[in-house]
Amino acid sequence: MLIRRETPADIDAIRTVTNLAFNDGPEAPLIDWLRADEGWIPELSLVEDTVLGHVVCTRGYVGDTPALGLGPIAVHPSHQRAGIGSALMHAVLGAAEARGEKAVILLGSPVYYSRFGFRLASEFGITPPDPAWAPHFQARLFGDVAPGGFRYAEPFDRL
Ligand SMILES: CC(C)(COP(=O)(O)OP(=O)(O)OC[C@H]1O[C@@H](n2cnc3c(N)ncnc32)[C@H](O)[C@@H]1OP(=O)(O)O)[C@@H](O)C(=O)NCCC(=O)NCCS
């Protein structure tokens, strides 16, 4: 399986796979807003080579410390549970650590994301924008990060 950076030619296919995975939720428009935002990091928007899946991390902050918000991540419904999501996760986390990022934050199932080294963010004193998210709010740290509240790139506020 090949994982690579997105190119402009992938944008329509990313929209399609995201809409299929999230049943036409707000996630596909969010990716388009993020791509136009200052928090966009081109080397952290990755696709499976034929765009059966996509993941992106964008710039957020834990307090004043730059960190990454991971998501959306989507895999085509007819190709889920075949390892594409895991490959995307490993690739984006490796890329994040290699570029010196200190933390990756996400909202999702702890059962799924613990296998990628995520733990509840509360264990590190990192709090979500909405306290109700706490049971699903997770962090993978690559360095020391002072406790604080996490804020995603601005387009997440439009959801
Ligand atoms: C979540 C998602 C990206 C995973 O991609 P994938 O290619 O299916 O994942 P993988 O094949 O690498 O891993 C599959 C494993 O993850 C588990 N898994 C997948 N989604 C899960 C979830 N939401 N909660 C718990 N476990 C999950 C499966 O049980 C499977 O484990 P198993 O092989 O031990 O049974 C994909 O299922 C998806 O696009 N879902 C819809 C959109 C979504 O929910 N995105 C994440 C929002 S946080």
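Here is a chat between a student and a tutor about a predicted model of a protein with a ligand.

Student: Let's start with the ligand. Which residues are the closest to it?

Tutor: The closest are Val75, Arg81, Gly83, Gly85 and Ser86, out of 18 residues that surround the ligand. To count as near, a residue needs a heavy atom within 4 Å of the molecule.

Student: What makes the pair between Val75 and the ligand a polar contact?

Tutor: A backbone N or O atom of Val75 lies 2.8 Å from an oxygen atom of the ligand. The cut-off for a pair of N or O atoms is 3.5 Å, so the pair counts. Two others pass in the same way: an oxygen atom of the ligand is 2.7 Å from a polar backbone atom of Arg81, and a nitrogen atom of the ligand is 3.0 Å from a polar backbone atom of Ile73.

Student: How much of the ligand does the protein bury?

Tutor: The protein buries 67% of the 870 Å² that the ligand exposes when taken alone. As for its place, the ligand sits in the largest pocket.

Student: Which elements each supply at least two residues of the shell around the ligand?

Tutor: They are β4 (65-75), α3 (84-98) and α4 (110-113). By class, the shell has 10 nonpolar, six polar and two charged residues.

Student: Back to Arg81. Why is Arg81 called exposed?

Tutor: Its relative accessibility is 88%, and exposed means over 50%, so the word fits. That figure takes only the protein chains as cover, so the ligand does not count there. Arg81 is in the loop between β4 and α3.

Student: What is notable about the phi of Arg81?

Tutor: Phi of Arg81 is near 60 degrees, a positive value in a residue other than glycine. Most residues other than glycine have a negative phi. Asp24 also has a phi near 60 degrees, and its place is the loop between α1 (11-21) and α2 (27-35). At 63% relative accessibility, Asp24 counts as exposed.

Student: Is Gln80 buried, exposed or partly exposed, and why?

Tutor: Gln80 has 40% relative accessibility, so it counts as partly exposed. Buried would need under 20% and exposed over 50%. Gln80 is found in the loop between β4 and α3. Its C-alpha atom is separated by 9.0 Å from that of Gly53, with the two residues 27 apart along the chain.

Student: Why is Glu101 called buried?

Tutor: The relative accessible area of Glu101 is 6%, and buried means under 20%, so Glu101 qualifies. Glu101 is in the loop between α3 and β5 (103-107).

Student: What does the side chain of Glu101 make a polar contact with?

Tutor: The partner is the side chain of Arg59, at 2.8 Å. That is within the 3.5 Å limit.

Student: How do you know whether Gln138 is buried or exposed?

Tutor: Gln138 has 1% relative accessibility and counts as buried, since the cut-off is under 20%. Gln138 lies in strand β8 (residues 137-141). A polar atom of its side chain lies 2.7 Å from the backbone oxygen of Gly108.

Student: One last thing. What kind of peptide bond joins Gly71 and Pro72?

Tutor: A cis peptide bond joins them, with omega about 0 degrees. Most peptide bonds are trans. Pro72 lies in strand β4, one of the elements that supply residues to the shell around the ligand.

How values were computed: Residues numbered from 1 in each chain as written. Predicted model: local features only at pLDDT ≥ 70, side-chain atom pairs only at ≥ 80, totals over all residues. Heavy atoms only, no water. Polar contact = N/O pair within 3.5 Å; in protein donor to acceptor, adjacent residues only side chain to side chain. Areas by Shrake-Rupley, 256 points an atom, 1.4 Å probe, with all protein chains shown as cover. 1 Å grid on protein atoms, 1.4 Å probe; cavity = no way out; pocket = protein on both sides within 12 Å on 5 of 7 lines; lining within 4 Å. Sits in = over half its atoms within 2 Å of the grid points. Helix = DSSP H or I, 4+ residues; strand = E, 2+ residues; numbered from the N terminus. Nonpolar A, V, L, I, M, F, W, Y, C, P; charged D, E, K, R; others polar. Buried < 20%, exposed > 50% of the residue type's maximum accessible area, 1.4 Å probe, protein only.
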